[in-house]
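Welcome! Please take a look at the structure below, and then let us walk through some of its parts together.

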There are 2 protein chains.
Amino acid sequence: MNIQPLFDYIRNHVTLTSEEETFLASKVSYRKYLKGQFVVQQGDVCKYESFVISGCTKTYYVDTEGQEHIVMFSVEEWWTADLGSFITQTPADYNIQCIENTELIMISSDDIEELYIKIPKLERFFRRVIERALAASQKRIIRSFSMSAKDRFLYFREKYPQIEQRIPQYMIASYLGITKEFLSKIKSQIILEQ
Amino acid sequence: MNIQPLFDYIRNHVTLTSEEETFLASKVSYRKYLKGQFVVQQGDVCKYESFVISGCTKTYYVDTEGQEHIVMFSVEEWWTADLGSFITQTPADYNIQCIENTELIMISSDDIEELYIKIPKLERFFRRVIERALAASQKRIIRSFSMSAKDRFLYFREKYPQIEQRIPQYMIASYLGITKEFLSKIKSQIILEQ
DNA sequence: AGTAAATGTTAGTCTAGATTAACTTTATTT
DNA sequence: AAATAAAGTTAATCTAGACTAACATTTACT
């Protein structure tokens with residue numbers, strides 16, 4: 001049970017009093033998952049917003065043809081949840097699965113509302129986190145329409161070099177919205193170029 | 001100068017005291033734009049978050065090949081801004097242009113921070129607005145990868161029937177990430193089917 | 001070390017959607 | 001009402017990326 005990384009992360013952005021820290025600590029829970037386990041399954045209600053202490057998760061959607069589409073990866077110091085399900089407490093559209101052994105700090109929807117009320121600084125901080133995530137999400141939509149698969153891959157590699165290393169290529173292909181075969185082709189093409 | 005619709009909109013979600021309403025009124029400004037005018041231009045800093053009273057705007061990105069990609073339309077009771085530019089006060093990636101004569105209520109970044117501090121209920125409300133927008137944006141990414149152009153169009157038509165009516169088809173094509181010629185083909189195909 | 005499972009590659013064929021270009025229809029302006 | 005511009009259509013050709021399938025390599029398990 002190591003929740004220190006969450007405090008370090010929050011301290012980088014807001015200053016909490018020691019009472020506030022104690023209150024925060026009382027509202028979070030720690031949990032370990034093994035590689036392959038699910039944090040959320042499509043159809044369940046996403047009860048928690050989770051902060052990744054160590055490990056990595058993938059959030060994906062299974063379409064009507066049974067195909068997996070990865071929405072995001074979450075590594076250390078990132079948040080993960082099916083946000084739509086979490087905020088409305090209705091069944092999730094996405095699966096969140098650990099692709100490594102993963103340690104999470106989890107906050108329930110009721111507890112996070114309490115935290116927001118008691119510690120407005122935290123609500124401000126989370127609002128900003130979400131604003132940034134929304135701006136990033138809009139840019140990703142633009143990239144999906146205006147860039148070729150190859151350029152999207154080069155962008156991904158440039159932006160998340162660490163993540164590229166630790167994740168199987170076929171998952172990166174899914175995240176980029178292409179097949180693993182085509183990503184393989186793109187990579188050999190890139191190698192030929194240099 | 002008619003800011004009443006903003007109050008009506010906010011009243012549907014949070015209850016403000018009359019002092020709070022007065023303070024809010026002192027922090028917003030009203031502005032009329034003609035069809036074709038720009039609220040924000042790529043490269044400028046997006047100074048305001050705008051609430052649409054009447055009319056319609058398109059938010060679009062011009063890529064390196066000079067092609068327009070529409071990110072969103074904003075009609076009555078919607079907010080519009082280049083969020084990335086607004087929150088960091090750095091140059092905008094997007095253009096926001098009025099495609100009808102448009103009335104906006106605009107709030108500057110400093111003023112909205114003041115509002116959040118003085119009226120925490122408003123911060124809570126906006127956090128929720130943004131959370132919902134982020135969940136919707138993630139779903140749009142999934143749709144762009146898992147649905148055909150035709151299905152994306154049918155989804156758009158189903159979800160925003162009013163918007164489909166008032167916007168030229170070539171802009172809808174741009175929003176859907178396809179050419180106007182292909183949307184035309186899709187529409188004639190749909191007509192043949194029924 | 002040897003086998004099975006997971007991951008990645010290569011190549012051929014196919015298709016959704018882009019591009020080009022000529023044409024039609026609908027709005028706007030004078 | 002004519003002229004012009006804006007929006008939408010049709011059809012032919014082209015291409016990025018999907019799909020299929022066989023094969024190669026790496027990783028994990030006994």
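## Two helices that cross

Helix 6 (residues 149-159) of chain A packs against helix 9 (residues 180-193) of chain A at an angle of about 75°, and their axes are 10 Å apart. That makes helix 6 of chain A roughly perpendicular to helix 9 of chain A (angles of 65 to 115 degrees count as roughly perpendicular, under 35 as roughly parallel, over 145 as roughly antiparallel and the rest as oblique). Axes here are lines fitted to C-alpha atoms, for helices over the stretch in contact, and angles run from 0 to 180 degrees between N-to-C directions. Helices (H or I, at least four residues) and strands (E, at least two) are DSSP runs, numbered from the N terminus.

Which residues meet? From helix 6 of chain A come A:A149, A:K150, A:F153, A:L154 and A:R157, and from helix 9 of chain A come A:F182, A:L183, A:I186, A:K187, A:Q189, A:I190 and A:E193 (contact means heavy atoms within 4.5 Å). This contact of helix 6 with helix 9 of chain A has seven nonpolar, one polar and four charged residues. Ala, Val, Leu, Ile, Met, Phe, Trp, Tyr, Cys and Pro count as nonpolar, Asp, Glu, Lys and Arg as charged, and the others, Gly among them, as polar.

## How to read the model

This is a predicted model, in which local features need pLDDT of at least 70 and side-chain atom pairs count only at pLDDT 80 or more, while totals for chains, interfaces and linings use all residues. Residues are numbered from 1 along each chain as its sequence is written, chains are lettered from A and ligands numbered from 1 in the order in which they are written, and side-chain values use heavy atoms, with hydrogens and water left out.

## Around DNA strand D

DNA strand D has 14 residues around it, and A:A149, A:T179, B:Q169, B:Y170 and B:S184 come nearest (a residue is near a strand if one of its heavy atoms lies within 4 Å of it). Of the strand D atoms within 4 Å of the protein, 78% belong to sugar or phosphate.

Phosphate oxygens of strand D also take part in polar contacts (pairs of N or O atoms within 3.5 Å). One lies 2.8 Å from an N or O atom in the side chain of B:Y170, and a polar side-chain atom of B:S184 is 2.9 Å from a phosphate oxygen. For the side chain of A:T179, the distance is 3.2 Å. Helix 9 of chain B gives the largest share of the surface near strand D, three residues.

## Around DNA strand C

How many residues surround DNA strand C? There are 14, and the closest are A:Q169, A:Y170, A:S184, B:A149 and B:T179. Sugar and phosphate make up 76% of the strand C atoms that come within 4 Å of the protein.

A polar side-chain atom of A:S184 lies 3.0 Å from a phosphate oxygen of strand C, and a polar backbone atom of B:A149 is 3.1 Å from one. Helix 9 of chain A provides the largest share of the surface near strand C, three residues. By class, that surface divides into five nonpolar, six polar and three charged residues.

## Another helix pair

Helix 2 (residues 18-27) and helix 4 (residues 109-118) of chain A pack at an angle of about 170°, with axes 10 Å apart. That makes helix 2 of chain A roughly antiparallel to helix 4 of chain A.

How values were computed: Polar contact = N/O pair within 3.5 Å; in protein donor to acceptor, adjacent residues only side chain to side chain.
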